[in-house]
Amino acid sequence: MEGYPPGATWPAEDEASVQTREVYARYGLAMYKAQVLEHGMVNAVIISRMMPTIRQYPDRSAWENAFDQAYDSELAKTFGNMLRALESLALPDQLMVRLRNAKADRDRLAHRFFREHDVNLLGFSGRTRMIAECEEIIERFSSVDVDLETFVRPECERYGITSEWIEGQLSAAIAAAEVKD
């Protein structure tokens with residue numbers, strides 16, 4: 001975007017440009033929701049595997065280092081390998097099916113979405129279909145993420161990771177971000 005300051009909104013002079021920008025925005029939100037789900041999957045694995053080991057470390061610093069290494073290791077996995085790691089948690093069958101479907105959605109978004117919609121991007125009704133499809137995928141990612149979080153919530157609460165604790169952490173992160181602005 002030559003001539004625009006960093007962070008400026010992409011200009012859209014006509015309806016087609018506005019709608020095209022919306023396609024990209026919804027696609028971006030869908031990929032963001034896929035990454036949120038991936039983090040939820042990692043959180044589930046980490047809670048079940050690392051939290052029970054806290055007393056095995058000589059001090060909190062050693063445990064935090066092991067925790068961080070485990071977290072980084074899990075995040076480095078592909079979505080498919082994250083799914084395999086979840087299998088040991090005995091998730092409800094229906095939730096595993098939905099997670100596998102989410103993997104298929106994520107893979108399609110990442111590898112084929114725009115290729116499959118190459119002609120659709122050229123017309124109003126095609127772009128409308130692309131936006132609607134992204135909205136459906138966003139909802140599926142969000143829904144399965146909520147259900148996964150609900151499944152692991154009792155384990156989280158057992159270790160003091162309550163809704164209140166999470167809200168406190170989020171408030172602190174927001175405050176830190178505002179200081180940087």
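# Notebook: looking around glutamate 133

**Entry 1. Glutamate 133 and its neighbours**

I started at glutamate 133, which touches Arg108, Phe113 and His117 when residues up to four places away in sequence are not counted. A reminder to myself: this is a predicted model. I found glutamate 133 in helix H6. Is glutamate 133 buried or exposed? Its relative accessible area is 18%, and buried means under 20%, so glutamate 133 counts as buried.

Next I looked at what its side chain does. It makes a polar contact with the side chain of histidine 117, at 2.8 Å. It also meets the side chain of arginine 108 in a salt bridge, with 2.2 Å from N to O. This pair links distant parts of the chain: arginine 108 is in helix H4 and glutamate 133 is in helix H6 (residues 124-158), 25 residues apart. I noted that both arginine 108 and glutamate 133 are buried.

**Entry 2. More salt bridges**

I stayed with arginine 108 for a moment. Its side chain also meets that of glutamate 116 in a salt bridge, at 2.5 Å from N to O. Glutamate 116 is partly exposed, with 39% relative accessibility.

How many salt bridges does the structure hold? I read off 16. My textbook reminder here is that side chains of opposite charge can pair when their charged atoms come close. Some of the bridges join up: Glu38, Lys103, Arg106 and Asp107 are linked in a network.

I also looked up the bridge between lysine 77 and glutamate 74, where the closest N and O atoms are 3.0 Å apart. Its two partners sit in different settings, since lysine 77 is partly exposed at 26% relative accessible area, while glutamate 74 is buried at 8%.

**Entry 3. Alanine 85 and helix H3**

Both lysine 77 and glutamate 74 came up again when I clicked on alanine 85. Leaving out residues up to four places away in sequence, alanine 85 touches Val45, Arg49, Glu74 and Lys77. I found alanine 85 in helix H3, and it is buried, with 5% relative accessibility. I also checked a pair of C-alpha atoms: those of alanine 85 and alanine 44 are separated by 9.6 Å, with their positions 41 residues apart along the chain.

How much of H3 is covered? Six of the eight residues of H3 (residues 79-86) are buried, so I wrote "mostly covered". The buried ones are Phe79, Gly80, Met82, Leu83, Ala85 and Leu86. Their cover includes helix H1 (15-50), helix H2 (60-75) and helix H4 (93-111).

**Entry 4. A loop residue with a positive phi**

Moving on from H3, I reached alanine 90 in the loop between H3 and H4. Its phi is positive, about 55°, although alanine 90 is not a glycine. I looked up the background: most residues other than glycine have a negative phi. Alanine 90 is exposed, with a relative accessible area of 61%.

**Entry 5. The nonpolar core**

Which residues touch the most other members of the largest nonpolar core? They are Leu37, Met41, Leu86, Leu91, Leu99 and Leu109, out of 43 residues in this core. The elements giving two or more residues to it are H1, H2, H3, H4 and H6. H1 gives the most, with 13 residues.

I picked leucine 99 for a closer look. Apart from its neighbours within four places in sequence, leucine 99 is in contact with Leu37, Met41, Phe79, Leu83, Leu86, Leu91 and Val144.

**Entry 6. Rings and cysteines**

I searched the whole structure for aromatic pairs and noted six. In one of them, phenylalanine 67 and tyrosine 71 have ring centres 6.1 Å apart and planes at 15°, so the pair is stacked. Both residues lie in helix H2, four residues apart, which is about one turn of the helix. The general rule helped me here: an α-helix has 3.6 residues a turn, so residues three or four places apart point the same way. Tyrosine 71 is buried, at 18% relative accessibility. Elsewhere in my list, ring pairs link Tyr24, Tyr27, Phe113 and Phe114 into a cluster.

Last, how many disulfides does the structure hold? I noted zero. I looked up two cysteines anyway: cysteine 134 is buried at 0% relative accessibility, and cysteine 156 is buried at 12%.

Technical notes: Residues are numbered from 1 along each chain as its sequence is written. This is a predicted model: local features need pLDDT of at least 70, side-chain atom pairs count only at pLDDT 80 or more; totals for chains, interfaces and linings use all residues. Side-chain values use heavy atoms; hydrogens and water are left out. Buried means under 20% relative accessible area, exposed over 50%, partly exposed in between (1.4 Å probe, protein chains only). Contact means heavy atoms within 4.5 Å. A salt bridge is a side-chain nitrogen of Lys or Arg within 4 Å of a carboxyl oxygen of Asp or Glu. A nonpolar core is a set of buried Ala, Val, Leu, Ile, Met, Phe, Trp, Tyr and Cys residues joined through side-chain atoms within 4.5 Å. A disulfide is a pair of cysteine sulfur atoms within 2.5 Å. A polar contact is a pair of N or O atoms within 3.5 Å; within protein, one must be able to donate a hydrogen and the other to accept it, and residues adjacent in sequence count only if both atoms are side-chain atoms. Rings of Phe, Tyr and Trp (its six-membered ring) pair if their centres lie within 6.5 Å; planes under 30 degrees apart count as stacked, over 60 as edge-to-face and the rest as tilted.
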